[in-house]
Amino acid sequence: MTETMTAIVVEGGRGPAENLKAETIARPTPGPGQILIKVEAAGVNRPDLAQRIGAYPPPPGAPETLGLEVAGEVAAGAGRWKAGDKVCALLGGGGYAQYAVVDARHALPIPQGLSALEAAALPETVFTVFANVFEHGSLKAGETLMVHGATSGIGTTAIQMAKAAGAKVIATGRGAGKAAEAKRLGADVSVDVTTEDFAEVAKAHGGVDVILDMVGGDYFAKGLDSLKTGGRIVFIAAQGGGEVALPIFRLMMKRAVVTGSTLRPRDADEKARLAAAVEQAVWPWIAAGKLKPQIDRTFPLDEAAAAHAYLEGGAHVGKVMLLA
């Protein structure tokens with residue numbers, strides 16, 4: 001291994017997509033309990049876009065380099081991993097590079113039958129959906145999940161995971177094409193929000209038990225209207241607005257729960273717990289063919305700027321990826 005590597009940096013520290021540049025920097029050295037991964041592929045996620053513009057700084061101790069999920073070969077082992085093992089991993093940062101270090105407990109084996117590219121699309125989305133839909137949202141077999149932004153990386157994963165768990169899915173998206181893609185992935189009902197009111201559609205199908213909401217804004221009131229008694233709304237982003245009016249008596253009448261979380265700031269032990277839970281619950285779904293990462297488009301590492309611009313454009317269905 002060389003002592004340096006190619007990584008993507010944000011020129012000026014923050015800015016538009018075109019500020020992403022490939023530079024030669026020092027290769028990271030793993031600390032106690034960490035592994036070094038020779039990166040083959042990395043996921044591009046909306047938190048990366050937020051970090052690039054200065055709105056989502058990395059947690060203390062994490063690399064400044066963007067990138068929250070990778071897959072590749074272990075170059076230096078620790079814990080359960082030895083050199084040569086093929087893994088995917090959830091990172092605090094540093095994925096847009098030829099090498100990345102990570103707590104050994106936050107890496108999982110690449111599922112049999114998946115390429116490194118496909119495996120790199122798993123950690124950020126699968127961990128997020130599992131933590132929010134199944135832990136915070138307590139989705140159970142026989143219940144109904146509504147997924148907003150259903151053709152995003154998170155959305156395509158949530159549809160498949162909910163169906164694998166025996167739930168019904170109502171998916172929402174903008175445009176007939178995206179509604180059709182959500183149906184293809186297994187959604188029982190798919191709503192084009194440019195022509196239909198998702199709350200009315202949901203109520204016509206008996207209401208929903210859990211809503212995975214990455215929109216916020218005026219979706220909140222409609223979401224609350226869509227809930228069955230005892231329903232849960234789980235926020236993971238607020239692309240449509242971060243401030244909402246909370247009708248308290250309506251909330252009380254519904255016995256509803258409104259919650260939300262972020263993944264990146266969780267401490268190392270909590271991420272390790274979550275990784276173990278995901279491996280136990282979700283990896284068998286992948287082995288059974290019930291969950292397959294949806295890769296929309298790939299870009300070479302040195303074209304990270306183009307990848308960000310493409311993701312910002314919103315035309316993607318599934319994941320946008322970088323090949324190291």
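Let me start with a group of charged residues, Glu135, Arg266, Glu270 and Arg273, which are linked in a network of salt bridges, a salt bridge being a side-chain nitrogen of Lys or Arg within 4 Å of a carboxyl oxygen of Asp or Glu. Before going further, I should say that this is a predicted model, in which local features need pLDDT of at least 70 and side-chain atom pairs count only at pLDDT 80 or more, while totals for chains, interfaces and linings use all residues. Residues are numbered from 1 along each chain as its sequence is written, and side-chain values use heavy atoms, with hydrogens and water left out.

Within that network, the side chains of Arg273 and Glu270 meet at 2.9 Å, N to O, and both residues lie in helix H9 (residues 268-281), three residues apart, or about one turn of the helix. Helices (H or I, at least four residues) and strands (E, at least two) are DSSP runs, numbered from the N terminus. Arg273, at 37% relative accessibility, counts as partly exposed, and so does Glu270 at 24%; the scale here is buried under 20% relative accessible area, exposed over 50%, and partly exposed in between, with a 1.4 Å probe and protein chains only.

The structure holds 20 salt bridges, and another of them joins Lys203 to Asp225 at 2.9 Å, N to O. That pair links distant parts of the chain, with Lys203 in helix H6 (residues 198-204) and Asp225 in helix H7 (residues 219-226), 22 residues apart. A further bridge, between Lys228 and Asp209, spans 3.4 Å, N to O; because Lys228 lies in strand E12 (residues 227-235) and Asp209 in strand E11 (residues 208-213), the pair ties together parts that are 19 residues apart in sequence. Here Lys228 is partly exposed at 29% relative accessibility, whereas Asp209 is buried at 9%.

Turning to the interior, which residues of the largest nonpolar core touch the most other members? Of its 70 residues, they are Met161, Val278, Val282 and Trp283, and helix H3 (residues 123-136) gives the most to this core, with seven residues. A nonpolar core, for this purpose, is a set of buried Ala, Val, Leu, Ile, Met, Phe, Trp, Tyr and Cys residues joined through side-chain atoms within 4.5 Å.

Finally, Met161 is also among the buried residues of helix H4. Eleven of the twelve residues of H4 are buried, so this helix is largely enclosed by the rest of the structure, and just after H4, Gly166 takes a positive phi of about 90°.
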